[in-house]
Amino acid sequence: MLSLTKSLQSSWRKLLLSLALLGGLALLLWPARTLRSDNFVFYFPNSRHVVPLEVIENTKYLPLLQVLNLVGRLNGLQEKRNTLKVGFGSAQIQLRADDPKIRVDKKMTTLSAPIRISNGKWMVPVDFLTMVLPMLTGQGAEYQAGMNRIFLGDVKPGSFTLRMEPLNSGARLTFQFTDKVTVRTASVNGKWVMFLGDHPIEPLEQSFHFHNPYIADVRFDDQDGLPKLIITPSAGGLNFYPVLAEGGKVLRAEVLKPPPSPQTPAPSTQTPATAAAPGAPAPASGVTKEGPATPPGPPLPVVALDAGHGGDDTGARSRDGVTEKDLVAQLVARVRQALLATQKYRIVLTRPGDVNATFEQRAVAANVAAAAYFLTFHAGDLGGGSPRVAVYTYQPPGQSLPSPGGEARPIFVPWNQVQETHLEQSRQLAQTLQQQFAIIAGVTADMPTAAPVRTLRSVNAPAVAIEIGSFSPDNDAGPLTDPSFQLHLSAVVAEVLAALQGGGA
Amino acid sequence: MSLRAKLLWIALLVVFAGGLFYLRSLGRRIFFEPPLHSDESAKARLSAAVLQPGAGPNETAVLFFPALGARKLVAESRPVKWAPGAADRVRQVLLALAEGPHQHLGHPLAASTDVRAVFLTLEGTAYVDLSGDLLSGISPGIETESLAVYSIVNSITTNIPSVKRVKILIQGQEVDTLEGHADLTDSIVPDPTLIQSGP
């Protein structure tokens, strides 16, 4: 009897082990339905929006409702198990999951791939933009098949050609643009990045590869809505000299080996290419005598700027109808400009435009960029007169974790308590900012305090919330929308952060 | 038929008859008789009982209201006749906060706010479920929302010492924030530093 029980137990064990192995193999070999995620950029005449893209079974898909919200207004939504009816303007759209057909009023259109539901979102293949969207909006759409961008309405994107010439001790890239561009250069992770201003660009080729000892490839990227060129050098220790010419329509960038002098030339201050006068001649052969414009070195630290509200979330509203999201978007843009001018930081925006973003997505944006500082901007009712500024650090809901200076710091920190390990540095940052805000004439700066600001909770960096006021249905926003106030505030933020980075402002 | 078989048959018949009677009464209760007390009426009776005088000894409730310009909570006293249960006392505090301050201070709860439910755990957490009307009284902002939250938390924990922390639900749901700023994802401990000392 005992031997029978033992034998049964042994069989069960073998069976369970086999099942577990089979399960593991099945999971490993199961074809991944969603292969990767990317972004799709919508260019409008006065704005641009970034929408997450999903690739499902080698077809690019976009979230239907998010796209419709970008181009117009939804009138109604009726969702059943496998069907969706959407009222959009005066049109009625009907679609069914796993079916490529889509009905707009009485007209049926067949898309290139079936409609999917992914993570609860209705996803349509990208050819929806060319086959259905024009029927709905009546606007023209310029879309190059295979690309992750579309130009809607009266948007005329520029383009460029590229020529590469080998030089004696380097290589020269000549970009010829169809429209004038402005160029700002930065070095990121050993690559040179040239931001091309605000004008939309549709490149003829997405990337260019070279068999060259100095330049490996040049890639165009606008995944975050900002058109830019990314140049990858073939080797380290090279110098990069970008110069704009012909009124901003030609960009010449030389990648040169440093001169074989025993003395390394002291790196000059970073000079953005925009500093070159329009129409300035291209650098002659004597260009190597000048200091390198942007030597590739360790990347600059990152400041994450968070507009407290955006997309559908408009935040507070003032008596004269200004929304908090518009006000903080202005402020973030000004602070970004001021910080970039210090040339001591790179900037990460937690919202790429006027879009919805969850608290977690915004924290992830800052944490993935390994932000050195995080600032979130708000406007609210602070009582008293206007303009007024308050700076907040995070207040944990309960007992906080020990700060880094404490005796016991946990190895693993729960996601919702990450900010608690930076509280001391955050307080110092808040203190410094408040002291400087108080110097601005006519502005009341309250003493920094702690508050349970949700945005700060999972940020893995010294982080503060800056709230300007008083912004409420009882007050006009005039003093807060005043450019002079915003410029002063931005300048103070930039000065404080530049001083923290070393060397003072 | 043996005596033993007869007894078995009788026992089976009794059980069968008892089962039929139980099913009949169950059916009547389910299909014909109206429920004795609906949730709504129970809640209304509870609110009424809580607000009625004479439920307990005369005492004073301390309520904290936001003073926006000063970024503090200002205490106001109210004579109150406490209900016997802690959950009912939490409800009393919330209803008194919804009534508003006597001085020129902020309103942490809109007057129309309904206290949908209050639950207390053995660990001292009070779950307070407030109606969505709460939001109509609060202007969105870090300061306004923070002070409103701590006005609720400090008032409850001061008056009901068995409550150590408060978890705020809105319309029966857990929410991320009050109006986009103040974190409501966890239960919150009181912050005595916000209380304005002196006149």
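Student: What percentage of the 505 residues of chain A count as buried?
Tutor: This is a predicted model. The secondary structure of chain A comes to nine helices and 28 strands. Of the 505 residues in chain A, the buried ones amount to 37%.

Student: In chain A, what share of the contacts with a separation of 6 or more comes from residues 24 or more positions apart?
Tutor: The count takes in contacts in chain A with a separation of 6 or more. Within that set, the part due to residues 24 or more positions apart is 64%.

Student: Is A:Ile93 buried, exposed or partly exposed?
Tutor: A:Ile93 sits in strand S6 (residues 91-96) of chain A. A residue needs 20 or more other C-beta atoms within 10 Å to be buried, and 12 or fewer to be exposed. A:Ile93 has 19 C-beta neighbours inside 10 Å, so its class is partly exposed.

Student: Which residues does A:Ile93 touch, leaving out those up to four places away in sequence?
Tutor: A:Met108 is 15 residues from A:Ile93 along the chain, and their C-alpha atoms are separated by 9.8 Å. With residues up to four places away not counted, the residues that A:Ile93 touches are A:Val86, A:Phe88, A:Ile102 and A:Val104.

Student: Which strands stand at the edges of the open sheet of chain A that includes S15, and why does each have a side without a neighbour?
Tutor: This sheet has five strands in the order S15-S16-S19-S18-S17 (chain A), with antiparallel pairing. Each edge strand has a single partner strand, so one side of each is left without a neighbour in the sheet. The edge strands are S15 (184-188) and S17 (207-209) of chain A.

Student: By how many degrees are neighbouring strands of this sheet turned against each other on average?
Tutor: The sheet in question is the open one with the order S15-S16-S19-S18-S17 (chain A). With direction ignored, the average turn between its neighbouring strands is 15 degrees.

Student: Which residue in S19(A) stands opposite A:Trp192?
Tutor: Strand S16 (residues 191-195) and strand S19 (residues 228-233) of chain A run antiparallel and are joined by four bridges. Opposite A:Trp192, in S19(A), stands A:Ile231.

Student: Is A:Asn58 buried or exposed?
Tutor: A:Asn58 belongs to the loop between strand S2 (48-56) and strand S3 (59-63) of chain A. Its phi is near 65 degrees, a positive value in a residue other than glycine. A:Asn58 has 7 other C-beta atoms within 10 Å, and the limit for this class is 12 or fewer, so A:Asn58 is exposed.

Student: Is B:Arg71 buried or exposed?
Tutor: B:Arg71 also has a positive phi, of about 55 degrees, although it is not a glycine. Its place is the loop between strand S1 (58-67) and strand S2 (72-81) of chain B. With 20 other C-beta atoms within 10 Å, where 20 or more are needed, B:Arg71 is buried.

Student: Where is A:Ser470, the residue that follows the cis peptide bond from A:Gly469?
Tutor: The bond from A:Gly469 to A:Ser470 has omega near 0 degrees. A:Ser470 lies in the loop between strand S28 (463-469) and helix H8 (478-481) of chain A.

Student: Which pattern does chain B follow along the sequence?
Tutor: Chain B has four helices and five strands. Read along the sequence, they give α-α-β-β-α-β-β-α-β.

Student: Which side chains of strand S4 of chain B point to one face and are buried?
Tutor: Side chains alternate along strand S4 (residues 125-130) of chain B. B:Thr125, B:Tyr127 and B:Asp129 point to one face and are not buried. Those on the other face, which are buried, are B:Ala126, B:Val128 and B:Leu130.

Student: In S4(B), which residue is the bridge partner of B:Val118?
Tutor: Strand S3 (residues 115-120) of chain B runs antiparallel to S4(B), with five bridges between them. The two form a hairpin with four residues between them, and B:Gly124 in the turn has a positive phi of about 95 degrees. The bridge partner of B:Val118 in S4(B) is B:Val128.

Student: What is the handedness of the β-α-β unit made by S4(B), H4(B) and S5(B)?
Tutor: S4(B) and strand S5 (residues 165-170) of chain B run parallel and are joined by six bridges. One bridge pairs B:Thr125 with B:Arg165 in S5(B). The unit of S4(B), H4(B) and S5(B) is right-handed.

Student: Which helix gives the largest share of the side of chain B that touches chain A?
Tutor: The contact takes 27 residues from chain A and 23 residues from chain B. By class, the chain B side has seven nonpolar, ten polar and six charged residues. Its largest share, five residues, comes from helix H4 (residues 142-159) of chain B.

Note on methods: Residues numbered from 1 in each chain as written. Chains lettered and ligands numbered in written order. Predicted model: local features only at pLDDT ≥ 70, side-chain atom pairs only at ≥ 80, totals over all residues. Contact = placed C-beta atoms within 7 Å. Nonpolar A, V, L, I, M, F, W, Y, C, P; charged D, E, K, R; others polar. Pairing = 2+ DSSP bridges. Axes fitted to C-alpha atoms, helices over the stretch in contact; angles between N-to-C directions. Right-handed = clockwise from strand over helix to strand, strands pointing away.
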